[in-house]
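Okay, I think everyone has coffee, so let me start. I'll put the structure up on the screen and then walk you through a few parts of it.

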Amino acid sequence: MTFTTTLQDWFIKNQRKLPFRLDKDPYRVWISEIMAQQTQIDTMIPYFERWMSKWPTIKSLFEASENDLLKAWEGLGYYTRVRNIHKAAQQLSQNNYIFPNTIDEIRALPGIGPYTAAAIASICFESKSVAIDGNVNRVVSRLFEFEDDFGSPSLLNKVTEKMEVWMSSATPSVFTQAMMELGALICTPKNPSCDQCPLKQNCLAFKNQSTLDFPKKKITKKKPELHKLILLMRHKDLLALTLDHQDSLMKGYWRFPEVKELPKESLYIGSHHHVFTHLIWDLDFYSVETEKSSEFQWFSAEEIEALPLITAHRVFFEKTKTRIFSSES
Ligand code: SF4
């Protein structure tokens, strides 16, 4: 059996039943692929199912408000993704809500990069386009013990070359998903299950017991850590919120105001340590009773529940809201 046939047969027998694999609907595959970027499948499935029950078609997505989409995305992070989905729906509305079926047209939609375009084109339209993400890079670099750094253009070139050869004799929808599934279930970053791997006879890293040496990793820099003072300004049962995003993070999401200096009468409520991929926030939260200034917008706890709020503040707010409203300052 060839490499491609072995892998495809394994996938057909072992694939998980995932809600976005029920059919080859490009809308569902598109949303699932965007949600799955940087997010574990188990975490994103409830988001995916809620999304599809609210917006089952591209037309309903086009008609949704950005605020509702941001709220539905809250907790998934990388919020530019959801804004791009909405922009893409606006573009698709010009084409009678029909999702394009060629890789070039798919790639032209906002927020769709080469990997996602190739994944949708191969899974939904049987295009022989190779979808290469971190999982695929890891699997192929182990199979051949490629010495190039993970994420480097030279590794991408080598992996692309191998993938194109395999894809030439493959059933694209099956092959693309099989590579994804192998990376997710078997050839995992820390403890690959080589004993269960259909490719172990072809794998140099398995033969040489060097699986954890591949892919080669660049030394990463320590994340910058920012300390911030967050002021929960309270007027009766209302709290001040702002859409200020001078730090360019999470545009469109509400947040509690950040201050450089605290008013004398403010009261310490607690702290929260929030880790992003590129930086860390150390947040100290204080509350203060104040007049209702027009610099901010004012909301009750129930209204805040329904608003898109940045996750770092949401997590703290949910833990402490009873205390915030009962504290005296
Ligand atoms: S044998 Fe092990 S290292 Fe090689 S592809 Fe399979 S799971 Fe990955």
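So, the ligand shell: two helices, α9 (134-144) and α12 (204-207), each put at least two residues into it. The top contributor is α9, which gives three residues. Before I go on, please keep in mind that this is a predicted model. In total, 14 residues surround the ligand, and the closest ones are Cys 187, Cys 194, Cys 197, Cys 203 and Phe 206. And what is that shell made of, in terms of nonpolar, polar and charged residues? It splits into 11 nonpolar, one polar and two charged.

Okay, zooming out for a moment. The protein chain has 14 helices and six strands. Along the principal axes, its C-alpha atoms fill a box of roughly 75 × 50 × 30 Å. Of the 329 residues, 29% are buried. If you take contacts between residues at least 6 apart in sequence, 69% of them join residues at least 24 apart.

Now the domains. The domain assignment gives us domain 1, which is 3-213, and domain 2, which is 225-326. Their centres, over C-alpha atoms, are separated by 36 Å. Eight residues from domain 1 and six residues from domain 2 make up the contact. On the domain 1 side of that contact, you get two nonpolar, three polar and three charged residues.

Next, some helices, and I'll begin with α2 (26-36). This one is mostly covered, with nine of its 11 residues buried. The buried ones are Tyr 27, Val 29, Trp 30, Ile 31, Ser 32, Glu 33, Ile 34, Met 35 and Ala 36. So who's doing the covering? The list includes α3 (41-54), α4, α6 and α8. And just after α2 there's Gln 38, with a positive phi of about 65 degrees.

Let's follow that to α6, residues 80-93. From first C-alpha to last, its 14 residues reach 20 Å, close to the 20 Å expected at 1.5 Å a residue. Its buried residues are Val 82, Ile 85, Ala 88, Ala 89 and Leu 92. Why do they end up on the same side of the helix? Because the arc they cover around the axis is only 115 degrees. Those buried residues pack against α2, α4 (58-63) and α5 (66-73). Flip to the face turned away from the buried side, and you find Thr 80 and Gln 90, which are exposed.

Then there's α8, residues 114-125. Its 12 residues reach 16 Å from first C-alpha to last, close to the expected 16 Å. Nine of those 12 are buried, so α8 is largely enclosed by the rest of the structure. Reading along the helix, the buried residues are Thr 116, Ala 117, Ala 118, Ala 119, Ile 120, Ala 121, Ser 122, Ile 123 and Cys 124. They pack against α2, α7 (103-107) and α11 (172-186). Here too there's a positive phi just after the helix, at Glu 126, of about 55 degrees.

Let me pick one residue out of α8, and that's Ala 118. Is Ala 118 buried or exposed? With 25 other C-beta atoms within 10 Å, Ala 118 counts as buried. Setting aside neighbours within four places in sequence, Ala 118 is in contact with Ile 103, Ser 129, Val 130 and Ala 131. There's also Ile 132, 14 residues away along the chain, whose C-alpha is 8.3 Å from that of Ala 118.

Last stop, Phe 296, in the loop between β5 (280-289) and β6 (297-299). Phe 296 has 19 other C-beta atoms within 10 Å, and since the cut-off for buried is 20 or more, Phe 296 comes out as partly exposed. Not counting residues up to four places away in sequence, Phe 296 touches Met 233, Ala 240, Leu 241, Thr 242 and Pro 257. And Asp 244, 52 residues apart from Phe 296 in sequence, is 9.7 Å from it in space, C-alpha to C-alpha.

That's my tour, thanks everyone.

Methods:
Residues numbered from 1 in each chain as written. Predicted model: local features only at pLDDT ≥ 70, side-chain atom pairs only at ≥ 80, totals over all residues. Near = placed C-beta within 6 Å. Helix = DSSP H or I, 4+ residues; strand = E, 2+ residues; numbered from the N terminus. Nonpolar A, V, L, I, M, F, W, Y, C, P; charged D, E, K, R; others polar. Expected span 1.5 Å × (residues − 1). Arc of directions from axis to C-beta. Contact = placed C-beta atoms within 7 Å. Domains from an automatic or database assignment.
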